[in-house]
Amino acid sequence: NEAWGCRASFSPTTLRAGAAGGNSTVQIGSMPGCPWSATTGTSWITITGAGRGTGATQVGLVVAPNSGPAREGSLAISGSSLPVAQASGCTYAVSASIHAVGAAGGTGSVSVSTAGGCPWSAASNATWIILEAPTGVGSGSMTFTVVASEGGARSGTLTAAGQVITITQASR
């Protein structure tokens, strides 16, 4: 329809949604009598109403809640793309928040539960707790080794997917 001098514009030119999703409105700018249409091939975006019209108006859309990693989609409005970005909805849980290890040291593991595609990382906050494979995507486990104690009882922590795990070690 641009050949007839019809051209649709829209505002906003990018759309950001929180993890909870929700309703949004896009303002369509077009000359009176000029047709426009809005479509999406993104499964988590739904256009409310007819999705087509003439002249200046608005179109509504619903963004579904996100329980996974941040994602991007789009609307096509009369051949132009409106990018839609949605924040991560990843949540994390760990199998235990306290581990006890004997004075001789040893290994242990912590399971991380999350949705597929959600990235996580872990870090040791003590030099005597050594992590193996401190990153993952989706649910998985992290193994750690505790070095033998040379003296008294001690306590340290790991942080995995934002969760704190306390490691206690008995004295020699």
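How many bridges join S4 to S8, and do the two strands run parallel or antiparallel? Two bridges join them, and the strands run antiparallel. The views below come from a predicted model.

**View 1. Strand S4 and its partners, S6 and S8.**
S4 covers residues 35-39. Its side chains alternate between two faces. Trp36 and Ala38 point to one face and are buried. Pro35, Ser37 and Thr39 point to the other face and are not buried. S4 is joined to S6 by three bridges, and this pair runs antiparallel. Within S6, glycine 53 is the bridge partner of tryptophan 36. In S8, alanine 76 stands opposite threonine 39.

**View 2. Arginine 52 in strand S6.**
Arginine 52 belongs to S6, which spans residues 52-54. Its relative accessible area is 58%, over the 50% cut-off, so arginine 52 counts as exposed. Beyond residues up to four places away in sequence, arginine 52 touches Trp36 and Ser37. Both of these contacts sit in S4. Trp36 points to the buried face of that strand, while Ser37 points to the other.

**View 3. Asparagine 66 in the loop between S7 and S8.**
Asparagine 66 lies in the loop that links strand S7 (57-63) and strand S8 (71-77). Its relative accessibility is 8%, under the 20% cut-off, so asparagine 66 counts as buried. A polar atom of the asparagine 66 side chain lies 2.8 Å from the backbone nitrogen of glycine 68. Leaving out residues up to four places away in sequence, asparagine 66 touches Ala19, Arg71, Gln86, Ala87, Ser88 and Gly89.

**View 4. Threonine 159 in strand S17.**
Threonine 159 is part of S17, residues 154-160. Its relative accessible area is 26%, between the 20% and 50% cut-offs, so threonine 159 counts as partly exposed. The side chains of threonine 159 and asparagine 125 are joined by a polar contact of 3.1 Å. Asparagine 125 is also among the residues that threonine 159 touches, not counting those up to four places away in sequence. The others are Ser121, Ala122, Ala123 and Val164.

**View 5. Distances from threonine 159.**
This view sets threonine 159 against two other residues. The C-alpha atoms of threonine 159 and arginine 52 are separated by 50 Å. Along the chain, these two residues are 107 residues apart. From threonine 159 to serine 80, the C-alpha separation is 44 Å. That pair is 79 residues apart along the chain.

Key:
Residues numbered from 1 in each chain as written. Predicted model: local features only at pLDDT ≥ 70, side-chain atom pairs only at ≥ 80, totals over all residues. Heavy atoms only, no water. Helix = DSSP H or I, 4+ residues; strand = E, 2+ residues; numbered from the N terminus. Buried < 20%, exposed > 50% of the residue type's maximum accessible area, 1.4 Å probe, protein only. Contact = heavy atoms within 4.5 Å. Polar contact = N/O pair within 3.5 Å; in protein donor to acceptor, adjacent residues only side chain to side chain. Pairing = 2+ DSSP bridges.
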